[in-house]
Structures are given as structure tokens and as C-alpha cells.
Amino acid sequence: MTGPSSSPIDPARQARLADIRERITGLDEARRLARDRARRQGRKPSGRTAFGTTWWGRAWIDALEHRARLDPNRLPRGRSYARRGKVGALVVDGSGVRAPVYGTQMSAYRVWVRVRAFSDDEWGRAIDAIAAKAGHAAALLDGELAPEIVDDLAGVGLSLLPGPGEVGTTCSCPDWANPCKHAAAVCYLMAELLDREPFSVLQLRGRPREEVLAGLRARRAAEGPAAATTGSPRLPATVTARSLAGRVTGPLPRLPLPPARAGRPAPLLADPPPRSGVSAAVLATLCADAARRALQLANGEGDGGLGLSFEQDLARRAEPLIGTPAFPALAGRAGVAERRLLRTALAWRYGGLAGLAVLDDRWDPPAGALDEARAALIAAGLGVRPRITANAAHAGLLQLRLGRDGAWYRLERRAGGWDLVAPPAPDPDSLLDV
């Protein structure tokens, strides 16, 4: 006879226990990697780490913090995560780096930080620029990535280190920011990667070390017959600054700048097929919108809306159409009530993503956070005792709402809903003069 202790374990419970064991194993692995990384660098994981101990590591951090135009409010939290050993092993994958990052959840978030890869034409110019400097080319073939190569590429209009809009991040966490704190942590630990292996900066631009060296050898091999035919002198493998001082390399190319405004779409040679469901006017509108978003990307002003949800992008598209016949047409095509679309379009006009977030957000701020709004409404003669609900102070058809970002928003009740009617302000008093 078997007792209760020998009864079979429920399969669902077995699965839950296996999942818990797997998560604990993942956390242990992350801690072990952090300890190993700290031991290699002679520091404790909780110490205040200075990221980037070599020229390449420091240059990466400088590009990250000053040139790449990442969200400056997210970078400090990423540094803290990196210092606390929250990041697992970094793996270079194409023109990016993948890594697990452990936050408050048991399982790791999956992070991918990618850098814009050079095109084939850009790589051709890069190899030509390096090959033109015999000393730099020889050092590269000997396994040394000299910092002067950054200047070589700059001379042909290329930046080896990332510039505005060239760093993109993806994380499995729910935070939509670029970067979130998990991706920012990986960005900082990429400096350690460049400390150990500077050639990784070439792979981040799209080509591994072996392929770059092969292209450089091909250039040097092709120079031999050409030099013999033209009679031009060949530079020795080792050169001195004095011997190069009088050489004239020609004028540097001018860096192309983005246009001042987005271009207009070319006229269609023929209308779309009648059964396509797309008219020529709608297609022209979409093309013009794509050109404006491309200009934002070229200027490094955000991601051009590529990370927006359907409702967010619909609000962005609808905002300039408010009050025109195209607005109800857009609402009909999107299958959204016109009143709802007007509400979100106004929120986008005055607050962008933050305005949309505060539109339907109800949360409980700290005690006393709404006292300032209550006092402002009373001082303006809008009520003796304004009503307080969640994160808002009410006075009739007027509402002062506190967003999670710490800003104040003015909403007015119209047609059964609350509409955002002004840009956010740091204090509620400013919103009463609107």
C-alpha cells in the first residue's frame, strides 16, 4: 500500500517547478558572469566602474553619450545596471550585439543593440582610405587597429563610430524608450568588448576582421602593377611623418547634408488599379508622410515613428488633418470612431506620445501631489473645494491632470469625453492662463 507521499505529482505543478528551476539557473549564470567579468578587471561588481579602459572603449562611450543622440535620461540607469552585473554574455551578431539582461523579473530580457552597417560603396571608400595610408594599412595587416583609422575614414565622409540615428535597440521588456535601461546597460558593456577586441568596431559596421583584411590585401596587390606602369613611387611599409609632410592628397570631399525639408512625391504615371482599395491621393499622402519620416531619421530626430503602435501612428497621421474633409475619411478607413480619433489626434498635437499616455491613464500619485493643482483652481476662482480623482483635480468642465512624467496637463470635457487642449506645463498655474 502506498502512502500519500508516493502519489504522483501533478504535471502542471511539475512544469511550474521546472520553470522556476530554469529561472534560478539563469540568475545564477548571470551572477557568475558578472563575478568573472569583475575578476578579470580587478573590481567588485558593485563598484563604480569607469567604462572604457582603452582608446576604443573610451571613444565608444563618447560616441554613445554625445554623438549618437540616445535618450540622456535612460543612460544613467543603464550604467547602474551594467555596474551591478545585470548583463550576461555579449555576442556579436552581424552589425549588432545580443545579450540577456536580468531586471526585476525572474527571466532575462532579450536585448539587441545594432549599429548601422556601411553599404558596399561605403566599405569600398573605407578600404581605399585605409590603403592610402601605408603605415595604417601595414598596422592593420599586422593585427593592430590604430585609432588614426577614424581620421582616415572621416577624410572620405565616413564615421567609424556611430553618429546620430545610427544606434538602434530592441528589448523584450515593455518599455518603449530608445534605449530602455536594459539596452543602455548593453551599450555601456560594449565598451568592454572594444577594450578586449577593437576589431569588433569593424564588425559592428557590417564586416568581420577577415573580410576587411582580405579587401585591404587586394588593394595593396593591385597597386603593384599600377605603380610600375605609371612610374609613381611606392611607399615603404614603414614611413616617417617627415617623408609624408609634403605629400598632397587633394581636397577633402564635402560631407553631404540632409535637405532642409522633405521632398515631394513624384506624380504617378498611372492611377492604382480600381480594385486595389488605394487611391492616387491616398498614395501621394503616404509617400509624403514617408519622406517626412525619412528626413527625421536622417537628422537623428527619433526613429521616424517606426516604433509607434497602430493607435499612436493613427493619431500622428490624423493630427494635421483635423478640421479637413480628409479627417472623417481617415477615421472610416481605420475603422475608428471619429470622436475617438479626434481625441487622440488632439493629444498627439499637444503632447505627442506623453499626451497619448496621459489621456486614459489613471494612477495614484504620492500623497499631497495634487495639492498644488487644488490650490491653483481655488486661487483662480474655479471652485471652493475642487474634486480630486486619482491623478486629476476637477473644476466643472476643466481638469488638471498629473502625468507619470511629472508634467501637468489641461483637459476639458467635450461631447462626453476629456480632450487634451494645451501643451504640458511644469506647474498647474501655467495651464490656467490658456
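Val97 stands opposite Val113 in strand S3, strands and helices here being DSSP runs numbered from the N terminus, with at least two residues (E) for a strand and at least four (H or I) for a helix. The model is a predicted one, in which local features need pLDDT of at least 70 and side-chain atom pairs count only at pLDDT 80 or more, while totals for chains, interfaces and linings use all residues. Residues are numbered from 1 along each chain as its sequence is written, and side-chain values use heavy atoms, with hydrogens and water left out. On the scale of pLDDT, the predictor's confidence in each residue from 0 to 100, the protein chain has a mean of 79, and 80% of its residues reach 70 or more.

The pairing of Val97 with Val113 belongs to the antiparallel arrangement of strand S2 (residues 96–101) and S3, which are joined by 6 bridges; two strands are taken to pair if DSSP finds at least two bridges between them. Val101 stands opposite Tyr109 in S3. S3 also pairs with strand S4 (residues 167–171), again in the antiparallel sense, over 5 bridges, and Val115 is placed opposite Val167 in S4. These strands form part of an open sheet of 4 strands in the order S1-S2-S3-S4, with antiparallel pairing. Strand S1 (91–93) and S4 stand at the edges with a single partner strand each, so that one side of each is left without a neighbour in the sheet. On average, and with direction ignored, neighbouring strands of this sheet are turned by 25° against each other, where axes are lines fitted to C-alpha atoms, for helices over the stretch in contact, and angles run from 0 to 180 degrees between N-to-C directions.

Along S3 (residues 109–115) the side chains alternate, with Tyr109, Val111, Val113 and Val115 pointing to one face and buried, whereas Arg110, Trp112 and Arg114 point to the other and are not buried. Burial is defined by relative accessible area, with buried meaning under 20%, exposed over 50% and partly exposed in between (1.4 Å probe, protein chains only). In S4, the strand that holds Thr169, this residue is buried, with a relative accessible area of 15%. Leaving aside neighbours within four places in sequence, Thr169 is in contact (heavy atoms within 4.5 Å) with Trp112, Val113, Arg114, Asn178, Pro179, Ala183 and Cys187.

Helix H7 lies across S1, S2, S3 and S4, and runs at about 60° to S3. The largest nonpolar core, a core being a set of buried Ala, Val, Leu, Ile, Met, Phe, Trp, Tyr and Cys residues joined through side-chain atoms within 4.5 Å, has 56 residues, of which Trp60, Leu140, Leu160 and Val186 touch the most other members. H7 (residues 181–196) gives the most to this core, with 11 residues. Beyond four places in sequence, Val186 is in contact with Val87, Leu90, Val97, Ala99, Val101, Val111 and Val113. A second, separate core of 15 residues includes Ala376, Leu402, Trp408 and Leu431.

Helix H5 (residues 134–141) is largely enclosed by the rest of the structure, because 6 of its 8 residues are buried; the buried residues are Ala134, His136, Ala137, Ala138, Ala139 and Leu140. Just after H5, Gly143 takes a positive phi of about 95°.

A further antiparallel pair is made by strands S8 and S9, over 4 bridges, with Glu412 standing opposite Asp419 in S9. From S9, Gly417 and Asp419 point one way and Trp418 and Leu420 the other, and all are buried. The hairpin of S8 and S9 has 2 residues between the strands, and in it Ala415 takes a positive phi near 50°. Ala415, in the loop between S8 (408–414) and S9 (417–420), is exposed, with a relative accessible area of 72%. The C-alpha atoms of Ala415 and Arg339 are separated by 8.4 Å, although the two residues are 76 residues apart along the chain. Ala390, in the loop between strand S5 (387–389) and strand S6 (392–395), likewise has a positive phi, near 50°, but counts as partly exposed at 34% relative accessibility.

Two stretches call for caution in reading the model. Over residues 38–48 pLDDT stays under 50, and the model has 16 contacts beyond four places in sequence for them. For residues 226–235, over which pLDDT also stays under 50, the model has 7 such contacts.
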